[in-house]
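Q: Got a minute to go through this one with me? I'll put it up and then ask a few things.

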Amino acid sequence: GKVVLVRYGACFRGLKAMNAEARGAVATLIYSDPEEDGATQGEVYPAGPWRPESGVQRGSVSYVSRCAGDPWRVDPRYAAQGLGSVDDICGPPPA
């Protein structure tokens with residue numbers, strides 16, 4: 001499998017992971033460019049809002065822009081409509 005290296009920015013990190021997966025990636029590593037998001041921008045935490053040079057960013061890569069919430073949950077509203085899979089609820093993943 002492929003491992004993809006991408007930079008934070010331009011779009012939500014979940015979309016980066018989703019697009020990499022759709023193209024065969026088994027992992028996505030996302031890095032922050034310190035020139036765009038860090039100590040070179042201004043005062044670092046705790047004195048300011050910027051990440052220090054030794055800081056890292058972390059967060060979810062869930063596909064919330066495809067389908068918010070947890071479509072795998074058991075919900076009688078979906079069963080009543082004959083919806084049985086995430087693709088039924090959210091539509092097919094991007095090709």
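Q: Which strand is L29 found in?
A: L29 sits in strand β2. Keep in mind that we're looking at a predicted model.

Q: OK, and which residues does β2 cover, and which strand does β2 pair with?
A: β2 runs over residues 25–31 and pairs with β1, residues 2–7. The pairing is parallel and has six bridges.

Q: Can you give me one of those bridges: what's the partner of K2 in β2?
A: That's A25.

Q: What comes with β1 and β2 in the β-α-β unit, and which hand does the unit have?
A: Helix α1, residues 13–22, joins β1 and β2 in that unit, and the unit is right-handed.

Q: Back to L29 for a sec. Which residues form the nonpolar patch on the surface with L29?
A: V3, L5, V26 and Y31 are in the patch with L29. Together the five have about 530 Å² of accessible area.

Q: Which elements give two or more residues to that patch?
A: β1 and β2 do. β2 gives the most, with three residues.

Q: Switching to R13. Where does R13 lie?
A: R13 is in helix α1.

Q: Is R13 buried or exposed?
A: Buried: its relative accessibility is 19%, and the cut-off for buried is under 20%.

Q: What does the R13 side chain have a polar atom 2.8 Å from?
A: The backbone oxygen of S60 is at that 2.8 Å distance from a polar atom of the R13 side chain.

Note on methods. Residues are numbered from 1 along each chain as its sequence is written. This is a predicted model: local features need pLDDT of at least 70, side-chain atom pairs count only at pLDDT 80 or more; totals for chains, interfaces and linings use all residues. Side-chain values use heavy atoms; hydrogens and water are left out. Two strands pair if DSSP finds at least two bridges between them. Helices (H or I, at least four residues) and strands (E, at least two) are DSSP runs, numbered from the N terminus. A crossover is right-handed if, with the strands pointing away from the viewer, the path from the first strand over the helix to the second runs clockwise. Patches are made of residues with over 30% relative accessible area and no salt bridge: like charges are joined within 9 Å, nonpolar side chains (Val, Leu, Ile, Met, Phe, Trp, Tyr) within 5 Å. Accessible areas come from the Shrake-Rupley method with a 1.4 Å probe; for residues, only the protein chains shown count as cover. A salt bridge is a side-chain nitrogen of Lys or Arg within 4 Å of a carboxyl oxygen of Asp or Glu. Buried means under 20% relative accessible area, exposed over 50%, partly exposed in between (1.4 Å probe, protein chains only). A polar contact is a pair of N or O atoms within 3.5 Å; within protein, one must be able to donate a hydrogen and the other to accept it, and residues adjacent in sequence count only if both atoms are side-chain atoms.
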